[in-house]
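Colleague: Please take a close look at one buried part of this model for me. Then work outwards from there, and explain the terms as you go.

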Amino acid sequence: MKRRIVLSIFIVIAAAILYFLQIGITLNDKKLPPLASFFSPFTGFWQNAEGTNISSKNISLKGFEGNATIKYDQRGVPHIFASNLKDLFFAQGFVTAKDRLWQMDISTRASSGRLAEVLGENLIERDLGQRRKGLMRAAELTLATWKKDTEGYAYIEAYVDGVNAYIESLDADSYPLEFKLLNYTPEKWSVLKAAQFYKSMEETLNGKAFDLENDHLVQTFGKATYDYLYPEWNPKQSPVIPDQYSSNPLQENIAPEAVHLPSLLSSGEMGYQDDDTQDFLGSNNWAVNPQKTSKGKAILCNDPHLRLSLPSIWYEAQLSSPEINAYGVTFPGIPGVIIGFNEHAAWGSTNGSQDVKDYYKIQWTNDKKTHYILDGKEVPVESYIETIKVKDQADILDTVKYTIWGPVMAKDSRGNDLAMHWIANDTTGAFVWKTFWGFDKSKNLQDFDKGASYFGHPIQNFIFAATNGDIGLKVSRLIPLKDKEAGTIVMDGSNSSNAWKGFVPDSLNPKSFNPERGFVSSANQHSTYPSYPFYYNGHFNDYRGRYINRRLAEMENITVEDMKALQNNNYSILAEDAMPVLLNLVQREQLDVKEKGILELMEKWDYRFEAADPTPAIFVEWFDHLEKLTWDEMTAIQATGPIRYPENWRLIQLLQEDPLNVFFDIQSTEARENPNILVTRAFKETLGALSDKLEDPNFSWSDYRNTSITHLARIDAFSHKMVKTGGFKESINAVQSGAGPSWRMIVEMDETPKGYGVYPGGQSGNPGSPFYDNFIEDWAKGNYYELLFLKNENDRGEDIIATINLK
């Protein structure tokens with residue numbers, strides 16, 4: 001991306017200066033200013049400009065006793081060949097660091113609370129928050145657990161050695177650009193950093209909980225009102241597993257798996273984000289059996305929805321040794337293919353969305369908070385001193401108190417101290433990478449089931465298809481055994497009976513292998529119908545899964561092109577459910593001529609969130625205004641504690657079935673409103689809010705949503721703004737302003753599987769490389785690349801542009 005660097009130089013300067021001011025870096029005559037070194041012709045950013053060619057070379061690495069061959073295709077994807085797994089993972093670590101070293105560094109710093117160390121004092125509070133969640137300490141405990149598996153640990157060590165071999169090959173002029181811009185140097189990779197990356201993944205995928213919001217709502221409105229407004233089951237839901245259950249297997253002498261409370265007394269979270277930004281997380285996957293396809297071959301599809309960032313969370317690669325030959329996407333920092341395919345099978349994943357983070361009120365026995373009550377006895381806390389290093393400042397010390405439940409790190413709306421029991425701080429089932437290594441060499445459903453059994457958390461919906469025609473899906477793996485409604489609000493931490501009772505045994509986890517309906521699918525909805533014998537709660541999607549299951553049930557003679565169209569489908573069942581209700585309730589006699597004209601436009605809408613259509617923007621604004629008018633009672637109590645609105649499906653249901661509900665009344669007016677009045681007022685407010693935009697004949701849904709793919713350091717010159725694409729968070733193509741399908745993959749299970757994929761980024765993490773963002777345009781248009789799967793290192797040589805030999 002030499003062109004971008006040269007032509008955008010002044011933008012880069014401005015962005016850098018603003019960023020330095022933001023993070024508090026002081027420039028003075030006692031040291032070389034960061035910008036001076038950044039613009040040095042010898043060591044600065046000029047050294048990071050890359051051409052379009054990757055150079056073939058032989059590289060001799062100290063400490064590497066094996067051999068590995070890396071073949072790069074025209075998209076910059078490495079195809080790595082080695083004589084054994086350790087050498088393969090070493091080479092993977094080397095190659096990944098070559099393209100993504102700064103991303104690996106910053107993502108683990110974010111998870112472990114070490115950003116202020118390199119970015120300055122403005123990141124102190126964020127670092128403190130990460131330490132108080134227990135993520136740094138949890139990574140240390142996870143590391144100790146990994147060491148017990150000597151074979152698996154050796155594989156991660158090999159990857160770490162590969163990363164460090166690349167780091168040791170660098171000097172100041174070859175540091176990745178962001179290290180120069182932010183004025184710090186790379187540090188050695190370690191297995192602990194790999195554990196920290198695992199915790200960042202956990203924070204992303206299972207860091208969400210509504211205990212504090214729910215508790216505040218119950219305290220304000222009462223339990224009966226809360227239960228009425230916030231039911232846990234949507235009667236229109238189409239769950240992951242369509243089976244009904246009739247008995248509780250644990251009553252048949254099948255023991256639950258043990259739970260280990262995350263207390264640290266005995267020791268004696270792609271991309272990253274804070275808890276309150278996680279509502280976008282989701283994914284889709286499905287597989288159809290040979291009887292439903294035109295070629296008589298199973299097809300598997302997966303598109304995980306995560307934050308859209310540059311560099312991308314994913315790194316594409318092929319890994320080949322005598323043990324495996326797998327192609328797909330990998331996590332920068334971890335060995336193995338995470339989502340992909342091999343010569344016999346394909347696999348993918350979506351998030352399970354069960355609630356695995358609960359809060360407990362602590363009853364202290366003294367003002368110093370050194371002891372608390374548990375089952376009528378005084379129990380001491382463990383105080384752990386966290387050291388926060390800050391760039392150009394003295395260290396900050398913070399004391400985190402740990403209870404049997406976990407760290408004390410929050411308060412409820414009444415000011416009570418709360419301890420957090422979060423599965424991310426639990427070491428049970430921690431060696432999750434064995435699952436993916438198992439998938440990488442899988443051939444059949446038995447291999448798939450075995451691989452999934454190694455998994456712990458975050459809970460995933462793993463999907464599988466094989467060349468023999470088998471398809472399957474399994475919810476894996478550690479679903480907490482809770483009493484009914486446990487974990488929906490803050491619980492009493494003085495009573496150990498409020499703890500989880502264990503985990504659902506692996507043999508009883510929901511799964512569907514070769515179902516009669518001919519397909520399996522998941523989209524973050526409920527795993528099961530309420531008849532499932534084990535209670536669980538969570539934050540489940542109500543719309544994408546319904547539409548996927550509807551379409552797959554309807555479709556026959558399916559082709560790869562059909563699957564591409566389905567992954568890029570912009571239709572929303574939320575709009576399908578809501579629009580007829582809104583149109584029926586709006587008071588047309590209260591509208592002027594212009595408003596009636598726009599309402600007619602809404603009546604003709606087909607519920608598709610197409611990029612160029614302004615209608616979806618009107619719908620989203622209309623529904624948002626209606627929510628605020630209806631739930632003004634919740635908004636009014638935000639000053640005293642966190643809140644959340646009832647789910648969209650419940651509002652639609654109440655509009656239809658309970659129009660006299662007291663919440664359909666605006667508290668600030670003397671009149672008694674009803675749904676007709678609220679819907680009409682919301683429509684008028686919407687047209688007022690969008691009045692300027694609606695005057696523009698080019699105004700579109702894509703403009704309104706404003707999708708951006710942002711650089712991890714928030715540097716605009718290295719980001720993509722206003723990406724033109726359709727989609728909506730409640731459509732299969734779940735593109736949002738800063739999140740969406742992070743990898744689209746389709747695999748047709750032919751005699752040799754044929755894969756197609758794309759992600760919104762590029763292979764290189766270097767903004768000066770032509771491989772930095774070259775996939776984005778095709779991703780936005782819904783295009784795919786045929787994935788180059790090599791049978792061996794001599795296969796399809798005409799598609800290879802460079803070869804690197806590691807010795």
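Modeller: A residue is buried when its relative accessible area is under 20%, exposed when over 50%, and partly exposed in between (1.4 Å probe, protein chains only). Helices (H or I, at least four residues) and strands (E, at least two) are DSSP runs, numbered from the N terminus. The model is predicted, so local features need pLDDT of at least 70 and side-chain atom pairs count only at pLDDT 80 or more, while totals for chains, interfaces and linings use all residues. Residues are numbered from 1 along each chain as its sequence is written, and side-chain values use heavy atoms, leaving out hydrogens and water.

Start with helix α6, residues 124–133. Of its 10 residues, 7 are buried, so the rest of the structure largely encloses α6. Those buried are Ile 124, Leu 128, Gln 130, Asp 127, Arg 126, Arg 131 and Lys 133. Gly 134 comes just after α6 and has a positive phi of about 90 degrees.

Now the sheets. Strands of a sheet pair through backbone hydrogen bonds, either parallel or antiparallel. Two strands pair if DSSP finds at least two bridges between them. One open sheet has 11 strands with mixed pairing, in the order β1-β29-β2-β3-β7-β8-β9-β10-β18-β19-β21. β1 (57–59) and β21 (511–513) are at its edges with a single partner strand each, so one side of each has no neighbour in the sheet. Inside this sheet, β7 (residues 315–320) and β8 (residues 325–330) run antiparallel, joined by 6 bridges. Glu 316 has Val 329 of β8 as its bridge partner.

Another open sheet has 4 strands, ordered β16-β17-β11-β20, also with mixed pairing. Its edge strands, β16 (408–411) and β20 (491–492), each pair on one side only. Here β11 (residues 357–361) runs antiparallel to β17 (residues 417–422), with 5 bridges between them. Asp 358 is matched with His 421 of β17.

Last, a helix pair. The axes of α17 (residues 573–585) and α19 (residues 615–630) come within 11 Å and cross at roughly 70 degrees. Axes are lines fitted to C-alpha atoms, for helices over the stretch in contact, with angles from 0 to 180 degrees between N-to-C directions. Contact means heavy atoms within 4.5 Å. α17 gives Leu 574, Ala 575, Ala 578, Met 579, Leu 582 and Leu 583 to the contact, and α19 gives Phe 619, Trp 622, Phe 623 and Leu 626.
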